[in-house]
Amino acid sequence: MINKKLILFIVFVIVLTALPFVISGYWLRVLTQTFLFGAIATGSNIIIGFTGYPAFGNIAFFGIGAYVTGVLTTKYNMPFFYTLPFCAISGIIVASLLGIPILRLKGHYFAIATVGVMETIKELVDNMTELTGGGPGLTLPIMQGEPEYIYKFFYFIMPGVMLFSLLILFIVSKIKQGYALRAIRVDEDAASVMGINTPVYKTFAWAVSAALVGITGGVYAYWLSYIDPHTVFGGTYPVKMFAMILLGGGTTVIGPMLGAFILELISEIVWSKFIAIHGMVLGLLIIFIILFLPKGLFETFKGGFSFKKLFNNLKENRL
Amino acid sequence: MVILEAKNVAKSYGGLKVLTDVNFEVNKGEIVGIIGPNGAGKTTFMNLISRLTSITGGIITYKGEIINDKKPHEIARMGIARTFQVVKPFGGLTVLENVMVGAFYGKNNAKSKKEAISIAEEALQIVGLIDVRDKDPRVLPLAKRKKLEVARALAMGPELLLLDEVMAGLSVKELDEMMTEIIKLKQKGITIIAIEHVMKAIMGISDRIVVLHLGKKIAEGKPEEIVKNQDVIEAYLGSKYAKKE
Amino acid sequence: MILQILVNGVLLGGFYALIGVGFSPVWGVTNIINLAHGAIALLGSYITYYMFQNLHLDPFLTLPVSFVCLYIFGYPVQRYLMNMVVKAQIFMLLILTFGLEIFLVNFMTTFFSADFRSVTPEYAGKSIEIAGVVIPYIRLAVFAICMVVTAIMGFFLEKTWTGKAIRATSLDLEAAMMTGISPKKIYSITFTSGSALAGLSGSLLSLTQAFSPNIAGGLALRAFIVAILGGLGRVEGAFLGGLLLGVIETLSAFYIGESYKNAIAFGLMVFMLIVKPSGLLGRKYYAEVKH
Ligand SMILES: Nc1ncnc2c1ncn2[C@@H]1O[C@H](COP(=O)(O)OP(=O)(O)O)[C@@H](O)[C@H]1O
Ligand SMILES: [Mg+2]
């Protein structure tokens with residue numbers, strides 16, 4: 001069983017590596033974007049899926065990472081790779097400072113508090129014009145080299161970040177601390193009377209998540225070489241991230257990544273066909289997932305596909 | 001030797017007084033039963049010991065140390081384990097993994113997975129759940145989920161075990177099994193406070209019984225004294241029945 | 001000067017109160033944080049805009065129209081969307097309403113364009129001056145309407161049987177069901193009237209400021225702030241929270257800078273959540289206890 005999974009995974013990585021030699025620039029970009037979401041969803045899943053805290057505003061760390069890389073490369077001429085540890089550290093610092101008070105909140109309150117944090121940071125970045133370029137955004141130094149080379153560079157960096165997040169998630173799922181997080185997800189009282197220092201573990205989970213999402217933001221900034229507060233803090237990112245985690249299954253290691261692949265590729269195909277109503281379709285897609293696939297694609301269709309299962313899902317949470 | 005002591009313990013939610021002036025001691029190695037009608041405050045008292053809710057008044061000491069300001073996980077690490085009346089299995093984790101959490105984070109503090117697994121298997125062995133170790137606890141019948149609660153607590157390596165109505169809702173056969181298990185635990189040197197709503201089961205295994213009624217301790221003594229106590233009969237069956245006696 | 005700012009703040013606050021009055025009971029009763037509240041309000045704004053632009057109706061006469069239209073709109077949304085997931089984990093509802101918001105915002109962008117619109121009847125510029133404080137008639141009228149509607153809503157919840165049933169449901173669903181209250185009906189009435197109030201507030205919004213589909217998210221978050229400030233599900237709380245938010249926003253816009261007013265509003269919300277999530281007039285509601 002484990003071996004079969006491992007073989008599949010190795011095949012997956014080989015295909016990823018071989019792909020840029022056969023496909024065109026447009027599809028490389030689409031795939032890079034897909035990996036970006038794969039990384040965001042996987043990194044966020046440590047707090048959302050594993051620990052059960054719906055950190056809706058987790059994209060805040062994506063924005064922080066993007067701006068850390070942006071500011072360090074433009075204002076301090078730091079080479080791109082050196083900025084990534086700073087993305088991670090900023091995420092960890094912010095998550096640790098906010099974690100203690102905010103992770104006391106539950107459910108709606110926690111979800112919305114993280115949105116509040118995201119919006120507050122966005123507004124601050126928007127206003128710190130000297131450092132961040134403010135609302136008009138920040139243009140990063142463009143990478144040197146042939147366009148073809150740059151495409152491939154990011155094609156490999158982005159899945160690199162995604163696989164790194166995946167590895168961390170895998171490790172967390174295996175170690176002692178992972179059991180604590182899963183216990184917290186189900187019942188915090190029960191977890192605490194079993195000796196788990198819940199505030200510390202929750203903060204740990206959020207910090208790890210923040211670091212991973214922060215690094216992803218840094219890579220994103222360098223990839224697009226232009227960032228602005230309204231894109232990197234919010235937009236449709238939070239809800240897309242959540243839909244991906246739901247679609248793939250938040251309690252699994254690999255689910256969010258698969259969810260990202262499915263949703264992003266569907267989005268991309270829809271986007272190129274119906275550019276005008278893309279946003280509406282995205283909204284409908286999300287509503288569809290919540291109504292028919294709240295348990296995720298794989299959990300729902302474990303024993304094979306059938307429409308009946310979709311409708312059973314629909315009935316389950318009805319009033 | 002006194003292991004746990006409650007002195008003038010009180011608890012209120014807003015204006016609602018749930019416990020008033022509760023005093024009692026538990027000696028090491030004893031099984032103490034706490035009984036009382038529904039809503040008497042038994043579970044609340046247990047929540048105070050495991051520090052899931054704040055103590056409004058009085059003090060609780062464990063092994064001579066005041067635990068009023070401790071956190072739930074600190075209490076657990078000091079060697080107090082508990083079960084929940086409304087069972088709280090960790091769904092999504094297997095039965096074995098559920099118990100491993102106890103081994104990892106309780107007083108046993110298992111350092112490796114191997115160690116945690118062996119502690120967990122032993123606990124499952126004791127309560128007789130070893131054959132369902134790889135199942136998701138959500139699919140188990142209530143009696144087994146209650147046993148899982150006990151196994152999880154045991155894997156923590158407790159000195160004091162708090163059992164909240166582990167016998168309620170069990171069949172006669174299951175009840176017998178559970179009683180035998182509890183006595184086995186006592187023989188291993190674990191001190192036990194067992195809450196029961198039903199008197200019969202607890203009478204057979206307790207060294208001492210404390211009776212709570214409307215948040216007050218109304219009686220304390222050996223089981224055979226308690227069954228004869230007028231106040232207890234009154235609390236349980238209403239004053240009419242008591243007068244007839 | 002300070003007096004003028006305070007008056008402006010109170011006038012804005014009246015509008016925020018109305019936004020909150022539509023939003024807060026829905027949350028308190030049905031446990032739905034309707035992130036689409038702002039988008040629904042904007043539907044009302046566009047109703048007023050198009051009726052004013054094309055039919056040359058006085059914008060104030062369009063208020064009942066958007067109220068009724070969005071009442072009708074709210075019914076199927078509640079019945080066929082929200083009801084389907086009310087028993088799921090709470091963040092499912094959150095994402096559902098977010099999905100609805102994305103849909104509505106993009107719908108409006110596609111069909112009404114992303115341009116900023118405003119409704120300017122010929123009396124738009126007229127104002128009265130009291131003790132050096134300038135008050136545009138329109139803002140005064142909007143404020144008055146907001147207050148009256150808020151008061152009616154308060155009366156409805158306090159005094160009528162339906163209102164009492166709604167409050168009972170918000171306090172304890174199981175107990176309410178035992179007394180024969182049908183949660184389906186209550187959820188439906190609460191959500192549809194919330195939607196209708198959103199439409200009404202959107203219409204009023206169009207009279208006082210320029211709007212575009214993109215301000216939907218900001219409106220919804222403000223509704224949330226109002227609910228949090230005042231305490232969940234309470235009309236008097238929404239009233240207090242609305243006024244407070246209005247005054248704080250105008251004051252901070254003046255003293256710290258217009259561009260910081262969002263940062264302060266959201267920061268205040270996070271602070272409030274941390275310090276006293278039950279709001280200034282705090283009291284626990286069923287939805288909160290249940291999570
Ligand atoms: N969180 C709470 N808030 C308010 N009242 C509570 C709370 N928990 C328990 N109570 C009340 O405290 C009383 C005692 O409850 P409990 O300790 O569960 O009783 P028992 O376990 O003896 O049946 C009951 O009246 C119950 O309603
Ligand atoms: Mg009880």
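## Exercises on a cavity lining and two backbone angles

The element α5(B) gives three residues, the largest share, to the lining of the second largest cavity. The model is predicted, with local features needing pLDDT of at least 70 and side-chain atom pairs pLDDT 80 or more, while totals for chains, interfaces and linings use all residues. Residues are numbered from 1 along each chain as its sequence is written, chains are lettered from A in the order in which they are written, and side-chain values use heavy atoms, without hydrogens and water.

**Exercise 1.** Determine which elements give two or more residues to the lining of the second largest cavity.

*Solution.* Begin with the definition: on a 1 Å grid over the protein atoms alone, a cavity is a set of points where a 1.4 Å probe fits but cannot get out, and lining residues have an atom within 4 Å of a point. The lining then includes A:Ala190, A:Val193, B:Glu149 and B:Arg152. The elements sought are α9 (188–193) of chain A and α5 (142–155) of chain B, helices being DSSP runs of H or I with at least four residues, numbered from the N terminus.

**Exercise 2.** Establish where C:His56 lies and whether C:His56 is buried or exposed.

*Solution.* First, C:His56 is placed in the loop between α2 (37–55) and α3 (63–85) of chain C. Next, its phi is near 55°, a positive value in a residue other than glycine. Finally, its relative accessible area of 65% makes C:His56 exposed, since buried means under 20%, exposed over 50% and partly exposed in between, with a 1.4 Å probe and protein chains only.

Key
1 Å grid on protein atoms, 1.4 Å probe; cavity = no way out; pocket = protein on both sides within 12 Å on 5 of 7 lines; lining within 4 Å.
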